[in-house]
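Please open the structure in your viewer and keep the sequence beside it, so that each selection can be followed in both. The tour goes from a single residue out to the whole chain.

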Amino acid sequence: MSLAYLAQEAATTTEKFKGFGAIGYGLAAIGPGIGVGIVVGKAIEGLARQPELQGTIRTNMFLGIAFTEALAMLGLVAGFIF
């Protein structure tokens, strides 16, 4: 097999599955969206119960959001790769 043939075959394969990257990212964004909602909701509950721990709860909330959003970025990158 020549390199030109393999390149042409890869190009036609990519054309067939062109729209699946957007669908994949859309599906990958559902989980982190739900996760961020849960993290923020629980942080608000914690602040309502113990307002004196505001700094600690806020810091932990932002860490949780950052880790959850890292999953969304992973889904975005995977959509571009595949």
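Begin by selecting Thr 68, which in this predicted model is found in helix H3, the helix that covers residues 54-81. Is Thr 68 buried or exposed? Its relative accessibility is 14%, and because buried means under 20%, Thr 68 counts as buried. Now show the residues around Thr 68: leaving aside those up to four places away in sequence, Thr 68 touches Pro 32, Gly 35, Val 36 and Val 39.

Keep Val 36 selected and add Ala 43, Ile 57, Met 61 and Ile 65, since these 5 residues together make up the largest nonpolar core. The elements that contribute two or more residues to this core are helix H2, spanning 20-49, and H3, and H3 gives the most, with 3 residues. Within this group, select Ala 43 next and look for its contacts, where, again not counting residues up to four places away in sequence, Ala 43 touches Ile 57 and Met 61. As general background, nonpolar side chains in soluble globular proteins tend to be buried together.

Finally, select the whole protein chain and colour it by secondary structure, which shows 3 helices and 0 strands, in the pattern α-α-α when read along the sequence. How many of the 82 residues count as buried? The share is 13% of the protein chain. If you then switch on a surface, the protein chain exposes about 6300 Å², and carbon and sulfur atoms supply 72% of that area.

Notes:
Residues are numbered from 1 along each chain as its sequence is written. This is a predicted model: local features need pLDDT of at least 70, side-chain atom pairs count only at pLDDT 80 or more; totals for chains, interfaces and linings use all residues. Side-chain values use heavy atoms; hydrogens and water are left out. Helices (H or I, at least four residues) and strands (E, at least two) are DSSP runs, numbered from the N terminus. Buried means under 20% relative accessible area, exposed over 50%, partly exposed in between (1.4 Å probe, protein chains only). Contact means heavy atoms within 4.5 Å. Accessible areas come from the Shrake-Rupley method with a 1.4 Å probe; for residues, only the protein chains shown count as cover. A nonpolar core is a set of buried Ala, Val, Leu, Ile, Met, Phe, Trp, Tyr and Cys residues joined through side-chain atoms within 4.5 Å.
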